[in-house]
Every structure is written in structure tokens, then in C-alpha cells.
Amino acid sequence: MYKGMKKFLIRKILFIPLTFIGITMILFFIINLLPPQTLALAYTDSDKELTKEELDLIIEKYDLKGNILKRYGKWLLKTLKGDLGYSQVSKMKVIDAIKKYLPATIELTIFSIIPIFIIGNLLGLTAARNKDGLSDKIISTTSSFFYSMPSFIIGILLLLIFYGIFGVLKPQRYSITTEIMISQGLFKTYTNFMLIDSILNLNPSVFIDSLKHLILPSLSIFLGTSASFIKITRNSTLEELNKDYVRTLRAKGLSENYIFQKHIRKNILIPQITVGGLQMIRLLSGVVITETIFDWPGIGSFGVRAARQLDVSSVMGFVIIVSILFLLGNLIIDLLYVYFDPRIKYE
Amino acid sequence: MLECLEKQNEIITLKNLSVRYKNFYALKDINISIKEREVIGICGESGSGKTTLCKTIAGIEKYNGEIKFLKDLKFEFIFQDPTSSLNPKMLVKDIISEPLIVRERITKREVICEKIKKVVAEVGLDSSIIEKYPHQISGGQKQRVAIARSIVCEPDILLCDEITSSLDISVQAQILNLLKDIYEKRNLTMIFVSHDIFALYYISTTIIVLYKGMILEKGKADEVIKNPKHPYTKILISSILTTERECIDIEVRENKTKSRCIFSDRCFIYDKECDSFENELINVSDTHYARCIKV
Amino acid sequence: MNRPLSELIKKLWKNKKTKYGLIILTVYIALALFAPLIAKPYRQDNPYIVKQHSFSPIPQKPSLKAPFGTTQNQYDIFYAMVWGTRLIFKITIKVILISLLIGLVLGGVSGYYGGLIDEVIMRFTDIILSVPSLILAIFVSAVLGPGIEKVVIAISFVWWPAYARIFRSEILKIKSMDFIKYSQMIGAGIFWIFRKHIIPNAIYNVMILASLDIANIVIIASSLSFLGLGSPPGYADWGQIISLSRNWLISGLSSIEYSHIVLIPSVFIFLFVFSLNLITETLRDIFDPRLG
């Protein structure tokens with residue numbers, strides 16, 4: 001590793017905990033706009049109405065009154081240790097709820113990101129190679145069309161067509177059959193990632209079942225997010241095609257495919273990564289909405305359910321975990337930059 | 001060169017003034033006394049500190065040392081770049097009336113209109129210009145608007161920071177003449193900064209030559225131009241040839257010196273004698289000073 | 001500044017796509033303005049409560065009584081769409097006004113004074129911008145509780161940092177100009193300098209951002225109400241209607257007969273956002289070279 005690269009990475013890595021502290025500070029200050037009694041409810045695990053004395057006890061115990069900065073410090077330490085309070089909506093500790101729901105979201109996210117990059121790349125290249133031709137027009141118009149739709153509209157239209165009308169695909173993560181298999185111990189959830197687990201369980205029917213359930217939500221996310229990536233692929237490719245070195249290679253007699261594979265593909269990586277990074281925000285918001293539409297048991301729908309019922313500790317946990325995912329995502333993007341951008345290496 | 005018309009009192013005195021930026025002195029050891037109705041011409045190359053001096057007198061720079069004012073004086077400032085000194089989104093009439101509203105708190109529209117009309121005519125512009133935006137008029141006209149803005153409130157002191165440097169040569173002469181007229185009609189004291197020593201000769205009563213933040217020569221304009229004592233002043237004057245005075249042979253020098261003389265590393269008459277110079281201002285005559293051991 | 005505005009509209013009109021966008025948008029504006037005439041208020045105290053024909057749980061197809069049909073529990077879709085247009089305009093305008101107010105004040109202070117206050121405000125905006133806006137808005141809604149006014153506050157909280165940053169960077173460009181120094185020198189107060197010099201020169205880019213933003217605010221507002229955080233049940237709110245339709249779909253009782261409860265609101269919302277996008281696309285092209 002060159003010295004410049006090291007410094008760059010260290011700066012970026014240091015940035016994460018600082019931002020994390022900043023975000024949690026703002027979240028904490030906002031949440032403390034609520035009176036201590038409401039906050040106390042986050043620490044009860046019963047459904048009964050609590051008396052004033054019981055509430056006061058909880059307020060005492062969990063330090064819900066007093067100097068806000070001191071409390072922030074204590075709260076931050078607790079949070080870093082993993083204690084996020086109790087979730088009213090899921091009747092378990094918030095941290096356990098997150099552990100329960102996170103794999104579903106990650107599986108959905110990864111299953112959506114891969115088509116965006118692979119199919120999106122392909123579509124962008126096709127559009128560029130057929131500039132102003134039929135496929136270019138179709139690809140560009142269709143992708144902008146879906147990009148400008150609010151994501152819940154895309155989701156609900158997909159749901160209508162494939163579930164309501166044709167009944168071929170269903171919402172949620174797996175069918176009742178699978179659910180019964182899990183509850184009876186016939187299917188072991190090692191990782192909580194259905195696709196991986198079904199391979200580990202050597203169970204092809206569950207694998208197909210999970211796939212069938214993954215298609216609609218990830219298609220919804222793909223349609224709502226990919227247009228930007230397709231556009232940047234198309235436009236950067238066109239830029240590259242206009243450059244002198246391409247003319248030289250063509251004159252040498254090399255095939256278009258070769259030029260694409262060996263040269264253009266690499267040169268458009270940087271703008272693609274940039275746009276990919278910017279789309280992360282849109283992706284995360286899209287995941288939250290898509291999970292709600294398709295009843296997908298991930299942290300997105302968890303957070304929304306919690307917000308609906310004003311379960312602030314769950315929502316806090318939800319926002320914290322999403323922020324962490326976002327920061328990690330940014331870090332990955334920066335690492336990709338370092339890997340692919342030769343200029344940074346020599347700074 | 002303008003004649004000093006009346007008996008003068010000192011109205012501004014700068015004593016041991018210095019202005020320091022992080023690790024160097026923009027101005028050092030500045031001692032100037034400005035008398036009423038003087039036109040002080042400050043000359044120097046870029047980086048000499050002349051703009052800083054102008055700003056310090058106007059009160060917008062932090063300084064060490066002393067500035068004394070005899071009485072409460074009204075300052076006005078004209079900047080070098082008329083494009084940057086006029087708000088592109090304001091009409092000329094609003095630009096000129098701004099000091100009337102802010103300083104004088106005049107609110108009556110007729111009074112403002114009267115004053116604007118008068119001052120626009122005085123700077124030689126057509127009255128139709130007041131309804132225009134800055135981007136619709138030429139550089140010379142913009143600078144005239146800036147001048148109009150600065151005299152509409154009848155200031156006591158007018159500070160001009162390189163106001164002709166960004167204009168065409170033909171326009172420069174017009175502006176200088178305009179300034180002369182304004183000076184003669186009003187009870188003004190002017191401080192005029194320029195790198196062009198001949199413009200200063202035309203308009204100033206006193207000339208001060210700055211170099212690297214220090215005064216190298218100061219005196220009556222006539223004396224400094226016709227009888228320059230400091231080698232640097234001679235270099236500045238030699239930049240234009242005329243038949244009026246002898247041409248001096250000047251070589252470009254780069255000396256390695258141990259002298260405290262601030263100019264020694266470029267001086268063409270540097271020799272061992274200069275090593276013992278204490279870098280102070282020496283009286284050549286009553287009103288003429290130079291910072292050189294060879295006078 | 002009236003001449004630039006009419007020139008702008010002329011330019012937009014020339015572009016074919018944008019022309020259709022403007023026409024569609026005008027239709028929606030008319031719907032919002034004339035809502036009480038187009039769909040008579042169902043209840044006098046609060047016209048936003050959707051007309052219910054009866055209480056049967058099964059959605060009805062479009063008929064004379066209900067031009068767009070009804071959802072489950074007999075909410076009239078036509079009524080909901082018309083008053084929903086008015087509601088979304090109200091929410092969007094309020095959000096833009098509040099975010100602009102906060103953004104311009106904080107961005108202005110930050111840019112003009114610099115120093116510590118600038119650092120603090122900028123870190124603050126950095127942090128808010130580092131969380132996806134929908135998710136932070138969900139959080140703020142959960143803390144504030146249900147209600148339209150709360151949603152407006154939640155979205156404004158997430159939205160103002162972008163305006164503050166742009167305004168601040170414009171101010172930084174202007175601050176070093178001589179005409180500002182001149183005003184300071186003659187003793188102008190800060191309100192004068194802002195009113196006469198800074199705002200007329202710096203507001204341009206902020207306004208562009210605000211107009212490009214309208215579609216995004218509509219999307220986030222309707223997303224929040226779709227998620228159930230916003231207007232109370234039974235309100236004429238686009239997101240809510242879609243949410244009802246979704247519930248019906250999921251419940252498994254749906255079939256092709258009831259597709260109108262999904263299609264009609266979807267097309268309605270989509271057309272609105274689409275028309276906004278057509279306009280902002282061309283706006284972006286017009287202003288792009290100048291945005292630098």
C-alpha cells in the first residue's frame with residue numbers, strides 16, 4: 001500500500017465513528033423532546049398500564065431525567081454494548097428484533113443490488129452501442145419512466161399484476177409450507193438467509209420458493225433505482241467511444257467486443273461507482289417502502305410498524321442500524337475507489 | 001501635480017503603524033501625516049502593501065500602532081474593479097443612493113433624486129444611466145458611477161485604490177481629469193494608490209513610495225519625481241522615457257546581502273557601505289525623506 | 001424579477017415535453033383550487049374526511065354515484081383524489097416555505113459570519129444529510145406522533161440542510177465582492193446588507209434547487225402517508241388510499257375486478273409526479289451551464 005492510500009483510508013475510516021456519534025447525538029436530542037414517562041414505556045415488557053410509582057421507578061433506574069449531555073454519554077455506551085432497549089411492537093429486546101429481521105433485509109438488498117449492477121450495466125452498454133436506435137430509446141425511456149415513479153406505486157402495480165391478477169408470485173418471504181417446516185424443525189435456519197439455508201439444508205423446493213418470493217420485491221427495487229446507473233453507464237460509454245484511443249484500436253482491427261471488454265469496461269468503472277454510491281440513499285429508502293408493500297419481514301417493515309405505534313426505542317434502533325449500513329456502504333464505495341482509481345494510489 | 005491650496009492642519013496622523021498577517025509584515029514602520037486638502041499618492045509594485053495601507057486608513061484592517069484623527073471624518077472608498085464594487089442586481093440609481101440612505105438616513109425621494117442627478121452630471125454621465133444595470137454599461141462608466149457614489153455624501157476623505165488600473169489607457173486619463181475636477185470643486189482630501197508613478201505625478205501633492213510594506217521615499221510630488229533620491233524610485237521613474245530628465249542606466253541586480261536595508265537585494269548601487277545601514281528614513285530636506293544610506 | 005420569470009415560462013413552453021407537463025400540472029392546480037366545487041365537501045367541519053357511501057367492506061366499481069369507484073369501506077376514490085391534490089399542495093408548499101426559512105437563516109448566518117458558528121452549522125447539516133431522508137423523517141414522525149402538521153415538520157427537518165448549504169456557498173462567493181465591503185464600510189447593518197445585496201445575488205440557485213425539489217417532497221410526503229405516518233384514517237390522502245388498496249390486495253380477496261382501486265390512484269399520482277419531472281428536467285437543462 002502506498003503512503004497516500006493509507007492516509008486516505010485512515011481518514012475515511014475515522015470519519016465513520018465521528019459521524020456515528022453525530023447522528024446518534026441528534027437522534028438522542030430529538031427523542032428527548034418526549035416526556036420521561038413516554039420514554040419509560042420503552043423499558044417495560046408488560047402490556048399493562050403502569051402506575052405513576054412504577055413509571056417513576058423506571059425513570060430513576062434508566063436515568064431518563066437530568067442533564068442531557070451526561071445522559072447521552074451513558075446512553076451511547078449502553079448502545080455500543082448492544083443495549084437498545086425494549087421493543088413494544090415485537091415483544092422482545094430491540095437488539096434481538098434487529099438480529100431477527102436484519103438478514104431478510106440484507107438478503108433482499110443484495111438480491112437487488114446484483115441485478116442493478118449486472119443487468120443495469122448490460123442495458124447501459126446496449127443503449128450506448130445502439131445510440132439513438134430502437135433499443136436505446138426503449139431502454140432510456142423505460143428506465144426514466146420507472147425512475148420517476150414513487151417506489152410504492154411501482155411496488156403496488158407489480159403486486160397487482162403478478163399477485164392480484166395472475167397469482168403467480170406472492171408477497172412475504174416464504175410460503176406457509178416453509179413456515180410450517182421451520183416451526184416443526186424440519187428446516188433449520190442456520191444463517192437466516194433463505195437462499196443459503198436452503199442450500200445448506202439441501203432443500204431445492206424451499207430454494208425455489210424463496211426465489212419466487214424474492215423476485216417481486218427486488219424487481220420493484222430494481223425498477224425504481226436502476227435508471228441512474230443505466231444512464232451513467234450509457235453516457236460514460238458514449239464518452240469513451242468518442243475518445244481517440246478507441247479509434248486507434250479500431251484502426252488496428254480489434255473487434256468491438258474486445259474493445260469493450262478490455263478497455264471501455266474498466267474506464268467507466270469510476271463514474272459507475274460514483275453513481276452507485278449516490279444511489280445508496282435511494283436504495284435504502286426504497287427497501288423500507290418495498291418491505292412494507294410486500295410484507296417482507298425485514299428491518300424496514302419493522303421500523304415502519306414501530307413508527308406507526310410510536311415505539312420510539314424500536315425506531316431509534318431501526319435508524320441506528322440503517323445509518324450503520326449506510327456508513328458501511330459508503331466505506332465500501334470508498335474502498336472500491338481506492339482499488340480502481342489509479343490517481344488516489346499515488347497521492 | 002496639484003498645488004496645495006490653503007494652510008494645512010494635520011487631520012490624520014499615522015505613527016509607527018504596522019499590519020501583520022500570519023507570519024509577515026504587510027506594513028511596517030509607517031509614519032505619515034496627512035494634511036487637509038493634500039492628495040497623497042501612494043506608489044508601489046504589487047505586494048508592496050499599498051492597498052493594505054489604503055484599507056487601514058479606511059478602518060477595515062487591523063493594525064498595530066497609532067492612527068490619530070483630528071476630528072470626526074467621513075471616509076469614502078473607490079475600489080479597483082468596478083465590476084466587483086457595484087452590485088450587479090442593483091440599478092445605478094440605487095447604487096448611488098445607497099450611501100445617502102445608509103449614512104445620511106435620507107428618506108425623501110425628491111431629495112435623493114436631486115442629489116443623484118447632480119452627482120451623475122458632475123461625473124460626466126448622461127442622466128439616462130440611472131435606470132441601467134451595471135452589466136449594461138462600460139468599464140469606464142462603471143467607475144464613474146463608483147466615483148459618483150463616493151462623492152454624493154460630501155465626504156472629507158476620498159480613498160482611491162488603483163481606480164484606473166483596470167481601465168483602458170484612454171479612459172484612465174479621463175478618470176484622472178475627473179478626479180482633479182472633483183478635487184478642485186470640493187473640500188476634499190485624497191489618498192490615491194497606484195502603481196503608475198506618473199498618474200500620481202499628475203494628481204498628487206505628496207508622493208509616498210512603498211516597497212515590501214515600508215516607505216522608501218516620501219516627499220512633495222515635484223521633488224520626488226524630478227529629484228528622486230532612492231534607487232527604487234529611480235527604477236520606477238525610468239520605466240517611461242521622456243526627454244525631460246536624464247536617463248539613468250539601471251541594471252537588474254540580485255545581490256546577496258547582509259544589510260538590513262530592505263531594498264538591498266535588488267539595489268543597483270549596493271555596496272559594502274550599505275551593510276551598516278540601519279534601515280531608517282533619512283531626511284533629505286524638510287519635506288523629503290528616503291530610506292537609503294547614499295543620500 | 002418579473003421579466004426573467006416570464007422569459008422562463010416561455011422557454012419551458014417551447015419544449016414539447018415540458019408543454020405537456022405544464023398543461024397537466026395546471027389541471028392539478030385547478031383541481032386543488034376548485035376542489036370544493038368539483039367534489040362537494042362531505043363534512044363541513046373538515047372537508048378532507050373522505051366521503052363514504054356506506055360501510056360495506058367490498059370495493060365498488062366506478063359508477064355514476066362514484067366516478068372512480070370506492071375502496072373497501074366505501075371510501076369514494078374520486079373525492080379522495082380531488083381533495084388529496086389540495087392536501088398535497090398544502091403540505092408541499094408548507095414544507096418548502098419552512099425549509100427555506102430555516103435553511104436561508106442558518107445558511108445565511110453560517111456563510112456571512114463564518115468561524116465557529118459556521119463550523120457548527122455545517123457539521124449539523126452534514127449529519128442530517130448523512131441519513132437517508134425518508135428514514136430520518138420516519139424517526140421524527142415517530143417522535144412527534146401522527147398528524148399532518150407533524151409530517152410537515154418532519155419533512156422540513158430533513159429538507160432544510162440542502163438549502164442552507166447552497167445558500168451558504170453562494171454567500172461565500174459573494175462575500176468577497178467589493179460592493180459588500182463598501183456597504184460594510186459605510187456602516188450598513190446586517191439586515192440591509194442581506195436584503196439589498198446578499199439575497200438578490202445568492203437566492204437564485206436556492207430557488208432553482210427548491211423548484212427541482214417539489215417532486216421529491218411530493219414523493220416523500222405521500223410515501224410517509226402510505227406508511228401510515230401522517231393523516232388520520234379516513235383522510236383524503238393519496239398515500240393512504242394506496243395503502244388501503246394494498247391492504248385489500250394482500251388480503252387475498254382481490255381479483256381483476258377490483259384492479260381499479262389500485263390503477264386509478266396510481267395513475268393519478270404518477271401523472272402528477274411525471275408532469276413535475278417533465279418540467280424540472282427542462283429546468284435543469286436551462287440552468288445547468290450556469291450552476292457551474
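**Tour of a predicted three-chain model**

Start with a selection of four side chains in chain C: Glu119(C), Arg123(C), Asp126(C) and Arg165(C), which are linked in a network of salt bridges. Keep in mind throughout that the model is predicted.

**Stop 1: the salt-bridge network in chain C**

Zoom in on Asp126(C) and Arg123(C). Their salt bridge brings the closest N and O atoms to 2.2 Å. Show helix 5 (residues 115–129) of chain C as a ribbon: because Asp126(C) and Arg123(C) are three residues apart in this helix, about one helical turn separates them. Asp126(C) counts as partly exposed because its relative accessibility is 28%, and Arg123(C) is likewise put in the partly exposed class, at 42%.

Next select Arg165(C). A salt bridge joins Arg165(C) to Asp126(C), with 2.5 Å between the closest N and O atoms. This pair links distant parts of the chain, as Arg165(C) sits in helix 7 (residues 148–175) of chain C and Asp126(C) in helix 5 of chain C, 39 residues apart. Arg165(C), at 31% relative accessibility, counts as partly exposed.

**Stop 2: chain C as a whole**

Zoom out and show the whole of chain C. Its secondary structure comes to eleven helices and zero strands. The C-alpha trace of chain C spans about 75 × 45 × 35 Å along its principal axes. Of the 292 residues in chain C, 55% are buried. Among contacts in chain C with a separation of 6 or more, 72% are between residues 24 or more positions apart. Colour the surface by element: chain C exposes about 12,900 Å², and carbon and sulfur atoms supply 67% of that area.

With the surface still on, select Ile93(C), Leu97(C), Ile98(C), Leu101(C), Ile102(C) and Val105(C). These residues form a nonpolar surface patch, and together they have about 530 Å² of accessible area. Val105(C) belongs to helix 4 (residues 77–113) of chain C. Is Val105(C) buried, partly exposed or exposed? It counts as partly exposed, because its relative accessibility is 48%.

**Stop 3: how the chains meet**

Colour by chain. Two pairs of chains touch, and the pair with the most contacts is chains A and C. Chain A and chain B are joined by no contact; their closest C-alpha atoms lie 28 Å apart.

While chain A is on screen, select Lys243(A) and Glu240(A). Their side chains meet in a salt bridge of 2.9 Å, N to O. Lys243(A) is partly exposed, with a relative accessible area of 38%, whereas Glu240(A) is buried, with a relative accessible area of 7%. Over all chains, the count of salt bridges comes to 24.

**Stop 4: the open sheet of chain B**

Move to chain B and select strands 1, 2 and 4. The three strands form an open sheet in the order 2-1-4, and the pairing is antiparallel. At the edges are strand 2 (24–35) and strand 4 (64–69) of chain B, each of which pairs on one side only. From one strand to the next, the twist averages 10 degrees. Helix 1 (residues 50–58) of chain B packs on this sheet and touches strand 1, strand 2 and strand 4 of chain B; the helix direction makes about 120 degrees with that of strand 1 of chain B.

Look closer at strand 1 (residues 10–21) of chain B, which pairs with strand 2 of chain B in the antiparallel sense over eight bridges. Select Tyr21(B): its bridge partner in strand 2 of chain B is Phe24(B).

**Stop 5: strand 8 of chain B**

Select strand 8 (residues 206–211) of chain B. Six of its six residues are buried, so this strand is largely enclosed by the rest of the structure. Which residues point one way and which the other? Thr206(B), Ile208(B) and Leu210(B) point one way from strand 8 of chain B, while Ile207(B), Val209(B) and Tyr211(B) point the other way.

Add strand 3 (residues 39–43) of chain B, which pairs with strand 8 of chain B in the parallel sense over four bridges. Here Gly41(B) stands opposite Ile207(B). Then add strand 9 (residues 214–220) of chain B: strand 8 of chain B pairs with it in the antiparallel sense over six bridges. Leu210(B) has Ile215(B) in strand 9 of chain B as its bridge partner.

End at the hairpin of strand 8 and strand 9 of chain B, which has two residues between the strands; in it, Lys212(B) takes a positive phi near 45 degrees.

Notes. Residues numbered from 1 in each chain as written. Chains lettered and ligands numbered in written order. Predicted model: local features only at pLDDT ≥ 70, side-chain atom pairs only at ≥ 80, totals over all residues. Heavy atoms only, no water. Pairing = 2+ DSSP bridges. Axes fitted to C-alpha atoms, helices over the stretch in contact; angles between N-to-C directions. Contact = heavy atoms within 4.5 Å. Patch = residues over 30% accessible without salt bridge, like charges linked within 9 Å, V, L, I, M, F, W, Y side chains within 5 Å. Areas by Shrake-Rupley, 256 points an atom, 1.4 Å probe, with all protein chains shown as cover. Buried < 20%, exposed > 50% of the residue type's maximum accessible area, 1.4 Å probe, protein only.
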